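Here are a few short exercises to work through with the model open in your viewer. Try each task before you read its solution.

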Amino acid sequence: MEGHAVAENQDIRSVLQEDRIFEPPAEFDSRIGGALVGSMEQYRSMHERSLEDPEGFWGEIASEFHWFKPWEKVVEWSAPDCRWFDGGTTNISWNCLERQIEAGHGADVALIWEGEPVGPNGPEIIELTYEQLLKQTCRLANGLKSIGVGRGDVVTIYMGMVPELAIAMLACARIGAVHSIIFGGFSAHAIADRVDDARSKVVLTCDGGWRRGSVVPLKDNVDAACEMTSHIEKVVMLRRCGNQVQLDADRDIDWHDLVSGQDDACECEHMESEDMLFLLYTSGSTGKPKGIVHTTGGYMVHTATTARYVFNLVPGRNQVYWCTADIGWVTGHSYIVYGLLPNRVPTLMYEGAPNFPEEDRFWDIVQRHKVTQFYTAPTAIRAFMKWGDEHPAKHDLSSLCVLGTVGEPINPEAWMWYHKVIGAERCPIVDTWWQTETGGHMITPLPGATPTVPGSCTLPFLGIDAAIVNDKGEEQPPNIGGLLVIRKPWPSMLRGIYGDRERFIETYWSRVKGMYTAGDGARRDDRGYFWIMGRIDDVINVSGHRLGTMEVESALVSHEYVVEAAVVGMPHEIKGTGIAAFCTLGPDIEADDQLRDLLRRHVAEEIGAIAKPDMIRFTAALPKTRSGKIMRRLLRDIASGNETTQDTTTLEDFTVLAKLREQDE
C-alpha cells in the first residue's frame, strides 16, 4: 500500500485493515456446557434492553444476589456521580461464600492454588472448598478485629500469590474494612506512598514470595516502608518462604498466632451498596499514584456478571478457570476472586513465573488441572511465541474452551498464534478492554455469539454505552479515530480518586462534558467493532497526520522476524514528530541496517509511507512493568535523548533501560 493517498485530515489509523474473521466454533456449545449467549441476535436484543431499561435489566440480575435489605432505586446518575442499588445492604464476602454454602455447594472446590517450587513429588497444590474458605476467612476476620481493625479502616495488603491473599480480601470485606492491595513487586517507597495516602495503620504481608526460584523479600520491603511513614502500627506476617526476617516485638504479629484459636464463624457487616469496598492505586506519568475507589454493590454485580458471560461460566460442568494475573492488579481482584466465587466455578491461583522451572510451566498447569478458561496478557503471549511452539506442543491442551486476553491491545499476529497454537483453532478468544477505573469488562466478545477479528475487542458488554467521539463529544464515523468514551453509568464504575475530587474530575470528566473519558484513542470499523489504538498520549502527529502507535506496532509484529515491538513519538526537525520503534527479534535473526530497511518497507506496505519508522532500535527486551505492560513513557525519554526523571518503581528490569541507552543507531 505504499503511496496510498491519505487526505490531510483523515486519520491514518483507518488504513491498516484486518479482514480475517472467525465465527464462534460450532462445537462450542457442547464443549462448554451450553453458550449463555448463543447468537448475535440474542446479544443485540440483550444489549438494546440493557441501555433502554437499565433499571429493569440490572435490577433482575442484582436480585440473584443476597441482600440483607433490598435497594430503593437501581441507579441514580448525575455525571460524574452515580449510585447503584442505593439503600440496599449486602456483603460481597457473603455472596462469595455463604451464598454457595446455603445452596448446598459448601463441599464444592472454590479455589485451587499451586505454588511455584517443584519438589520431588511435584508442586505444592492446595484445594479449598467454599466451607473451608469461609472458615479461614472468618478466623482472619476475627483476628483483624482483635487488633482493632473495624468498619471503614483501610488495610494494606502486600503479599505474594498465596491463598491467604484471597482470604485477606474476603476477611476485610466481611468486617467492612477497605483493602488496599499493593502488588508484591513494588518497592518500599511505593508502599509508603500508598500507606500515607490511605492513612492505613495495618499491613498484611509475607516473609517472602517465590519468583523464578528466588525469594522476593516482601517483609524487608515493608520494614523499609515503616521507616518512611508514621502510619503503620501493626504488621501481620505470613510465613511462606522461610527466609530470615527482622521482627519488631511491638509492631509485628505472626499470621498463624493471629488466627490460631479464633472462632471460625464471623458475622458479616451489613454494608451499604455505596460503601467503599477497596482502594487500588494506579501509577501515572506524573504526580502521586491515584487511589481508585470502588464500592460494594455495583462492583459485586458487574464483576460477577461479566465473568459469567464473557468466560461462559457454567457451574457443575467440570470447568476450571485460570486467570494468570497477580491479585495486586485489578484483573486479579475482579477475575480471580470477586467475579469468580459467586459463579461457583473453581478459580486457579498460581504463585510464580510462567517460565519456572521451564518455559512450559503454564501449559503443564493447564494439562494437570484441565483448565477450561484461560485468561492472560498479550505480553505473555508474545513471550510464549518467542520461547517456541515446542513448549505447548508437549502438553495436552484439549481441555481449553475459552481463551482471553487482557491488559493492552493484542497484535493480530499474536492473536493468530494464540488461536492456532494454544486454542488449536477451536477456542473463541475474548479480547477484553477495560481498566482499573471501570472495575470490570467494558468492550469484549461473548464467546458463543460474537464473530471475532484479530486485534479488535469487538462490541460493548451489556449495559455499556461506548462511543468514539471528538473533543466536542460528536460521534465519529467508521474508521475515523477519536476519544473512547462511555456515555452512561455502569455498576462497577469508579466512584472517585481517594481524597482528591478535583483530580477525579480533571482526569476522567473534563475532556468531554458528561462522558467518562477513558484516556484511550480508538476507532470503530464498518462492522461497528472497536479497535483500541493506545493511550491518547500514544497518538503521534506525523506531518499533520494522526497515527496510532498500536497500528505501527501491529505492522512490525506481523513481520516474521519481529516478536515484539513498541512505538513512540520522538522530536523530528522536519515532521515535528517522528516515529521511533523498538523491536525484539526472533532467535538467530541478525540485527543490522539491512533489516531496518526491510522493516521500514514492510510498515509502508502494511499502512503507508507516512508510517515508516524514522528510527528502529533492536533490543533483547523492552522495559516493562512487573505486570507485563510496556513502559512507553520511558521509551519516549530514550527516543528523545532525555534523562528519565519519571517514576520507575514498577519497572521490572532496570538493566533494559541502560542497555537501550548504550545503543547508537
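**Exercise 1: a helix and its cover**

This is a predicted model. Work out which residues of helix α14 (residues 378-387) are buried, and what covers them.

Solution. Start with the helix itself: P378, T379, A380, I381, R382 and F384 are buried in α14. Next, look at what sits over these buried residues: the cover includes the helices α13 (361-369) and α16 (412-422), along with the strands β18 (373-376), β19 (402-405) and β28 (562-572). Finally, step past the helix end: α14 is followed by G388, which has a positive phi, near 115°.

**Exercise 2: placing T432**

Find where T432 lies, decide whether T432 counts as buried or exposed, and list its side-chain polar partners.

Solution. First, the location: T432 belongs to the loop between β20 (429-431) and β21 (466-469). Second, the accessibility: T432 counts as buried because its relative accessibility is 5%, and the cut-off for buried is under 20%. Third, the polar partners: the T432 side chain makes a polar contact with the side chain of Y375 at 2.6 Å, and also reaches the backbone oxygen of T405 at 2.8 Å. Last, the wider neighbourhood: leaving out residues up to four places away in sequence, T432 touches V310, Y375, T405, V406, H441, I443 and T444.

**Exercise 3: cysteines**

How many disulfides does the structure hold?

Solution. Zero. Take C226: the nearest cysteine sulfur belongs to C206 and is 15 Å away, whereas a disulfide needs the sulfurs within 2.5 Å. Now check burial: C226 is buried at 12% relative accessible area, and C583 is buried at 0%.

Methods:
Residues are numbered from 1 along each chain as its sequence is written. This is a predicted model: local features need pLDDT of at least 70, side-chain atom pairs count only at pLDDT 80 or more; totals for chains, interfaces and linings use all residues. Side-chain values use heavy atoms; hydrogens and water are left out. Helices (H or I, at least four residues) and strands (E, at least two) are DSSP runs, numbered from the N terminus. Buried means under 20% relative accessible area, exposed over 50%, partly exposed in between (1.4 Å probe, protein chains only). A polar contact is a pair of N or O atoms within 3.5 Å; within protein, one must be able to donate a hydrogen and the other to accept it, and residues adjacent in sequence count only if both atoms are side-chain atoms. Contact means heavy atoms within 4.5 Å.
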